Amino acid sequence: MKDGFPGLSSFLSISVGLLLDWVNDFDGIMDFTCPGNGVITGWQGYHNNHREDRRFKFRCCDMDVGLRDCSWSGDANGWDGELGFQTSGNRVLHGVYSRHNNRREDRLFRFNQCRRG
């Protein structure tokens with residue numbers, strides 16, 4: 001997955017973010033939220049063929065305004081389905097939750113989105 005989101009810098013006034021360390025183990029739950037007023041501006045993952053799973057790390061950048069009205073989406077994909085999620089309205093991506101199923105060797109994802117200011 002490509003790091004960064006095109007056009008984000010024109011939408012937000014953000015600081016330069018740091019790519020954080022791996023946030024999940026293979027076959028485990030991933031429950032990640034950027035600290036403070038951080039928004040996710042990129043993510044990276046790698047796949048292990050033996051484990052049939054991925055590990056992820058995220059880039060978080062602090063915003064110039066606070067976050068409010070944060071909420072989690074439902075599952076953004078189905079088992080063996082494509083992952084497609086877009087924040088709605090004036091919202092930014094603040095967190096990602098994912099669970100892995102060993103029998104299906106797949107992950108479901110949920111996203112935490114917030115309003116600016």
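The following exchange between a student and a tutor works through strands, cores, cysteines and one set of polar contacts in a predicted model.

Student: Is strand β6, residues 91–101, largely enclosed by the rest of the structure or largely open, and how many of its residues are buried?

Tutor: A residue is called buried here when its relative accessible area is under 20%. Strand β6 has eleven residues, and it is largely enclosed by the rest of the structure because the number of buried residues among them is eight.

Student: Which strand pairs with β6 over ten bridges, and which residue in that strand is the bridge partner of V96?

Tutor: The pairing over ten bridges is antiparallel and involves residues 106–116, which make up strand β7. Together β6 and β7 form a hairpin with four residues between them, and E105 in the turn has a positive phi of about 50 degrees. Within β7, the bridge partner of V96 is F111.

Student: How many bridges join β2 to β6, and which residue of β6 stands opposite T33?

Tutor: Strand β2, residues 30–33, runs antiparallel to β6, and four bridges join the two. The residue in β6 that stands opposite T33 is G95.

Student: Which element gives the most residues to the largest nonpolar core?

Tutor: That core has 13 residues, of which I40, W43, F58, V96, F109 and F111 touch the most other members. Two or more residues come from each of β2, β3, β4, β6 and β7. The element that gives the most, with three residues, is β4.

Student: How many residues are in the second core, and which residues does it include?

Tutor: The second core is separate from the largest one and is made of five residues. Among them are V39, M63, L67 and V92.

Student: Which cysteine is joined to C34, and is that disulfide left-handed or right-handed?

Tutor: The partner of C34 is C60, and the two sulfur atoms lie 2.0 Å apart. The pair links distant parts of the chain, with C34 in the loop between β2 and β3 and C60 in strand β4, 26 residues apart. Because the torsion about the S-S bond of C34 and C60 is about -80 degrees, the disulfide is left-handed.

Student: Which cysteine is joined to C70, and what is the handedness of that disulfide?

Tutor: C70 is joined to C114, with an S to S distance of 2.0 Å. Since C70 lies in strand β5 and C114 in strand β7, the pair ties together parts that are 44 residues apart in sequence. The torsion about the S-S bond of C70 and C114 is about 110 degrees, so this disulfide is right-handed.

Student: Are C34, C60, C70 and C114 buried or partly exposed?

Tutor: With the limit for buried set at under 20% relative accessible area, C34 at 3% counts as buried, and C60 at 11% is buried. C114, at 0%, is buried too. C70 has a relative accessible area of 40% and is therefore partly exposed.

Student: Why does the sulfur of C61 not form a bond with the closest cysteine sulfur, and how far away is that sulfur?

Tutor: C61 counts as buried, at 4% relative accessibility. A disulfide requires sulfur atoms within 2.5 Å. The closest cysteine sulfur belongs to C60 and is too far for a bond, at a distance of 7.6 Å.

Student: Which backbone oxygen lies 2.6 Å from a polar atom of the side chain of R55?

Tutor: R55 is found in strand β4, and at 18% relative accessibility it counts as buried. Leaving aside neighbours within four places in sequence, R55 is in contact with residues including W22, N24, D25 and Y46. The backbone oxygen that lies 2.6 Å from the side chain of R55 is that of N24.

Student: Which backbone nitrogen does the side chain of N24 reach, and at what distance?

Tutor: N24 lies in the loop between β1 and β2 and counts as buried, at 2% relative accessibility. Beyond four places in sequence, the residues that N24 touches include R54, R55 and F56. The side chain of N24 reaches the backbone oxygen of R54 at 3.1 Å, and it reaches the backbone nitrogen of F56 at 2.7 Å.

Technical notes: Residues numbered from 1 in each chain as written. Predicted model: local features only at pLDDT ≥ 70, side-chain atom pairs only at ≥ 80, totals over all residues. Heavy atoms only, no water. Buried < 20%, exposed > 50% of the residue type's maximum accessible area, 1.4 Å probe, protein only. Pairing = 2+ DSSP bridges. Core = buried A, V, L, I, M, F, W, Y, C linked by side-chain atoms within 4.5 Å. Polar contact = N/O pair within 3.5 Å; in protein donor to acceptor, adjacent residues only side chain to side chain. Contact = heavy atoms within 4.5 Å.
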